[in-house]
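Reader: I've got this one open on my screen and I'd like a close look at a single part. Could you take me through the sheet and whatever sits around it?

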Amino acid sequence: MLSSLLFALVSLTTSSVHGYLQGLPEEPAPVVVKCPTCTDRGYVDCRQCNASECSHEPVVFCSLIAACKACEGAGREECTRCDAEPDQTMTERKLAVAKWRMQRAEVDEFMERELVHVESEHFTLTYDIKGLKPARKKMDIHGGAHLYLERLEAFHRIFSKDLAVEKKDWFGKTQVMMWRSAGDQVRASLKYTRQESDTASKLMGGAPVVSIYYDKSHLHEEFELHQAVLHHVAHCLLSNCFDGIWPGNIRGGWIDGGLAHAYEVDLFDGVRHYCYVESDTMGDFKFGAWERTVLSEVKRGKELSFLDVTSRNTADMTPEQHMFAWSFVDYVRKAHPKQLSPLARGIKQKQPIAALTKELFSMSPFEFHEAWKAWVEETYSPRKKKKK
Ligand SMILES: [Zn+2]
Ligand SMILES: [Zn+2]
Ligand SMILES: [Zn+2]
Ligand SMILES: [Zn+2]
C-alpha cells in the first residue's frame, strides 16, 4: 500500500513539474488499485456486522456491534485477498470498543443482566423497553434503543440552537436509562441518580443522568414516554451547558422548569409533566391549556408577577408558578430569541434578575412584566391548541 502511494506521489510530482514547465493544464495521475476487494485499504467492512440488524448511523457505540466476535466491534475485518496492512484506526477502534464495553459491563453487573447500550455524540443510553410501538410499528429492544438515541440527538440539536450552545460549551455526555420494570428503576435511580424513585429521577450537572420507568398506567401512549424523556433531558442539558451548574436550586427554577415545559408545549400537544413532583398529574391544570389559561389570567389582571415567579427553586414552585414560568420563558424564546442564551448563563451565574433584565432587555423587571403581558395578549390564542 505504501509503495503504491509513493508511486502515485512521485508520478504526481513529476507531472506537476512537467505541467509547470510546459504551461499546460495538468493531467491527473492515474490511480492504480491493486486489490479491488479492499481498494488497497487493507480492510473490508465486517460481514457479520453488515448482516446484523444494526445499520444505524451515526452512532458512536452499539452493544450489538461491540459484541461482534468477527471484528471485536471495529466494524472492519482485514482483507484476505491481499497483504496490504490496515492503518491504525482499526486497532484504535477495537481498543475504544473494548474500553466502552468494560464501562457498560459495570451497569450490566449492577443490574444483574446483559442490557442494550448505545452511545452517540452527546448521549449514552441504556435501554430496556420491550415492544415499543411508535407509529404502530412494533420494535425490539435494539431498534427502540436506536430510535431513542436518534430522538435524543434531534432534541439536542434544537436545544443547542435555542440556547446557542457550542461544542466547547458542553460538559460530559448525558446518560439516559429507560426501564420496563419499576424494580429496575428503583435500583438504577438510587445508584446512578443518587435518589430513589419508582417513576423518574435525575442527577444534574456536568455529567447528568436521567433514569425513567415506562409506567404504562401513567404514560399511556408511546409519545408520552418520548415527551417525559425530553422533559427530563431538557433539565439535564440546561444544567450541563456552559458551566455544569443546575439553576433549579439557586433560585433559577423558573428557567429550569419553564424551558422543560416550553419543549413539551412546542414539540407535543401540551404540558404533562411538572417538576415539583415529577410523577404527579396536572391536577386542575388541563393538558395543553396553558396558553389559554395564561391569557385569561392576564386579561383578568390575575397573573402572577414576574419577580415573584423568578425567585424560586424548581422544587418549591406550585403548578401555577410553573405555568407562568413557562410563559416568561416562552416570551423570551419567541420574542427575544437571541437573549435566551445570555439570560440562561446569567441565571446560572447567580446574577440578580433586575441586572439581567436591564442588561439584556433594557427594562426593569416591572417593565419586563408589562412587555410580556402585552405580548401574551397579542400572541396567545383563547382557543384550544391543535394537536401536533
Ligand atoms: Zn485487499
Ligand atoms: Zn463485526
Ligand atoms: Zn445497534
Ligand atoms: Zn421538570
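Author: Here is a walk through the sheet, followed by the metal site and a few spots in the loops.

Keep in mind that this is a predicted model. For orientation, the protein has 14 helices and 8 strands. Of its 388 residues, 49% count as buried. If you take the contacts between residues at least 6 apart in sequence, 67% of them join residues at least 24 apart.

Now the sheet itself. It's an open one, built from 6 strands in the order S2-S4-S5-S6-S8-S7, and the pairing is mixed. At the edges you'll find strand S2 (61-62) and strand S7 (200-203); each has a single partner strand, so one side of each is left without a neighbour in the sheet. As a bit of background, strands of a sheet pair through backbone hydrogen bonds, either parallel or antiparallel.

For a pair to zoom in on, try strand S6 (residues 174-179) and strand S8 (residues 209-213). These two run in the parallel sense and are joined over 5 bridges. If you want a landmark there, find Met178, which stands opposite Ile212 in S8. Helix H6 (residues 182-193) packs on the sheet here, touching S6, S7 and S8, and its direction makes about 165° with that of S8.

Another helix to look at is H4 (residues 88-111). Helix H4 lies across S2, strand S4 (116-119), strand S5 (123-127) and S6, and it runs at about 135° to S4.

H4 also leads us to the metal. The zinc ion (ligand 1) is held by four sulfur atoms, the SG atoms of Cys35, Cys38, Cys79 and Cys82, at 2.3 to 2.4 Å. The angles among those 4 donor atoms are 105 to 116°, and the site is tetrahedral. Along the sequence, the donor residues follow the spacing C-x2-C-x40-C-x2-C. Cys35 belongs to the loop between helix H1 (2-22) and strand S1 (43-45), while Cys79 belongs to the loop between strand S3 (76-78) and H4, so this pair ties together parts that are 44 residues apart in sequence. Cys35 counts as buried, with a relative accessibility of 5%. Cys79 counts as buried too, at 6%.

Back on the sheet side, follow H6 out of its C-terminal end. Arg194 lies in the loop between H6 and S7, and its phi is near 60°, a positive value in a residue other than glycine. That's worth a second glance because most residues other than glycine have a negative phi. Arg194 counts as exposed, at 65% relative accessibility.

Phe242 also has a positive phi, about 70°, although it is not a glycine. You'll find Phe242 in the loop between helix H7 (222-240) and helix H8 (253-267). Phe242 is buried, with a relative accessible area of 16%, which is below the 20% cut-off for that label.

One more helix while you're rotating things: H5 (residues 141-162). Helix H5 has 22 residues and reaches 31 Å from its first C-alpha to its last, close to the 32 Å expected at 1.5 Å a residue. H5 is mostly covered, with 16 of its 22 residues buried. After H5 comes Ala164, and its phi is positive as well, near 50°.

Note on methods:
Residues numbered from 1 in each chain as written. Chains lettered and ligands numbered in written order. Predicted model: local features only at pLDDT ≥ 70, side-chain atom pairs only at ≥ 80, totals over all residues. Heavy atoms only, no water. Pairing = 2+ DSSP bridges. Helix = DSSP H or I, 4+ residues; strand = E, 2+ residues; numbered from the N terminus. Contact = heavy atoms within 4.5 Å. Axes fitted to C-alpha atoms, helices over the stretch in contact; angles between N-to-C directions. Donors = N, O, S within 2.8 Å, 3.2 Å for Na, K, Ca; no water. Tetrahedral: all angles 85-135°; square planar, octahedral: opposite > 155°, others 65-115°. Buried < 20%, exposed > 50% of the residue type's maximum accessible area, 1.4 Å probe, protein only. Expected span 1.5 Å × (residues − 1).
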